[in-house]
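Take a look at the model below. We will go through it one residue at a time, then turn to its rings.

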Amino acid sequence: MNRLVALVVLCVSVLASAEDTSLRTSEWQGRIIGGMNAAAGQFPYQVSLASSAYLHFCGGAIIGDYWILTAGHCLINRKPVDVIAIVGGVRNVHGGFNYDVQQFIVHPNFNEWTQDNDIAIVRTSWAMHFNTAVFPVKMARTYTPANKAVLASGWGLTSLNVPKPADVLQFVALRTISNQECSQRFENLQNRIVTPSNLCTYSRTAQGTCMGDSGGPLVNDGELVGLVSWGIPCAVGYPDVYVRVSSFRAWITAITGVF
């Protein structure tokens, strides 16, 4: 996974000073920690966004035959020609089906520093073929409240002590919390504001998201409710913060035609 080894080192410095107000975007990028191995076909909407050298750098979710949602910060300083969308596999950049990328559409109000409006659309160069291993997920239509059971999935480190991406797609069961509670838990930090277009989960220590797999899907009852955006590395008792998909549904539909 791209830059994971360096990000593990960054995690140590973040934990040593939770009140540091100069945290960079790269230090907040999320992935799954404390998860379980996914079975083939369990998450048919899951995408691995990889470099042309087949290095996984972010996750994503299929919403249509040409269309993938991911986090906006995943695509900063990247070009479509240098990105491959890998779908239908559970092994890290091995197996599955590869699709060239034709276009990135990052939300026009994305703020790289605060990660507000941290969402982007990826268009593949040709239509993805759907089957039992590759299938789109429905976008949530309504606001997801607190105390909902959700599943997050993605590739990444299985332990902070072993700076090596997981070989198999990971998933973890979490619960949503209210934005008010989420904000209160981050009250000692500056430049990290939880907005209405965010969705938060909170779980016990050693379970949640961490570094290197942002853009991955958060699903409730078969609907895509969130995309991994940011959090304090790594699964140390702070909430994990996602893009709230329902907040951007009109924008997504206007571009993709997907409802």
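Thr-124 has 0% relative accessibility, so this residue counts as buried; the cut-off for buried is under 20%. Keep in mind that the model is predicted. Thr-124 belongs to strand S8, which covers residues 120-124. What does the side chain of Thr-124 have 2.8 Å from one of its polar atoms? The backbone oxygen of Trp-126 lies there. Thr-124 also touches residues beyond four places away in sequence. Among them are Asp-65, Tyr-66, Ile-68 and Ala-85. Tyr-99, Asp-100, Val-101 and Gln-102 are touched too.

Tyr-66 leads us on to the rings. Arg-123 lies over the face of Tyr-66, 4.3 Å from the ring centre. Phe-57 has an arginine over its face as well: Arg-78, at 3.5 Å from the ring centre.

Now look at rings that pair with rings. The count comes to 6 aromatic pairs. One of them joins Phe-43 and Tyr-45: the ring planes stand at 85°, so this pair is edge-to-face. Over 60 degrees is what that label needs. The two ring centres are 6.0 Å apart. Phe-43 also forms a pair with Phe-171. Here the centres are 5.4 Å apart and the planes meet at 45°, a tilted pair.

Where do these two partners sit in the chain? Phe-43 is in the loop between strand S2 (36-37) and strand S3 (46-51). Phe-171 is in strand S13, residues 170-177. The pair links distant parts of the chain, 128 residues apart.

Are these rings buried or exposed? Phe-43 and Phe-171 are both buried, and Tyr-45 is buried too. Ring pairs link Phe-43, Tyr-45 and Phe-171 into a cluster.

How values were computed: Residues are numbered from 1 along each chain as its sequence is written. This is a predicted model: local features need pLDDT of at least 70, side-chain atom pairs count only at pLDDT 80 or more; totals for chains, interfaces and linings use all residues. Side-chain values use heavy atoms; hydrogens and water are left out. Rings of Phe, Tyr and Trp (its six-membered ring) pair if their centres lie within 6.5 Å; planes under 30 degrees apart count as stacked, over 60 as edge-to-face and the rest as tilted. Buried means under 20% relative accessible area, exposed over 50%, partly exposed in between (1.4 Å probe, protein chains only). Helices (H or I, at least four residues) and strands (E, at least two) are DSSP runs, numbered from the N terminus. A charge sits over a ring if NZ of Lys or CZ of Arg is within 6 Å of the ring centre and within 35 degrees of the ring normal. A polar contact is a pair of N or O atoms within 3.5 Å; within protein, one must be able to donate a hydrogen and the other to accept it, and residues adjacent in sequence count only if both atoms are side-chain atoms. Contact means heavy atoms within 4.5 Å.
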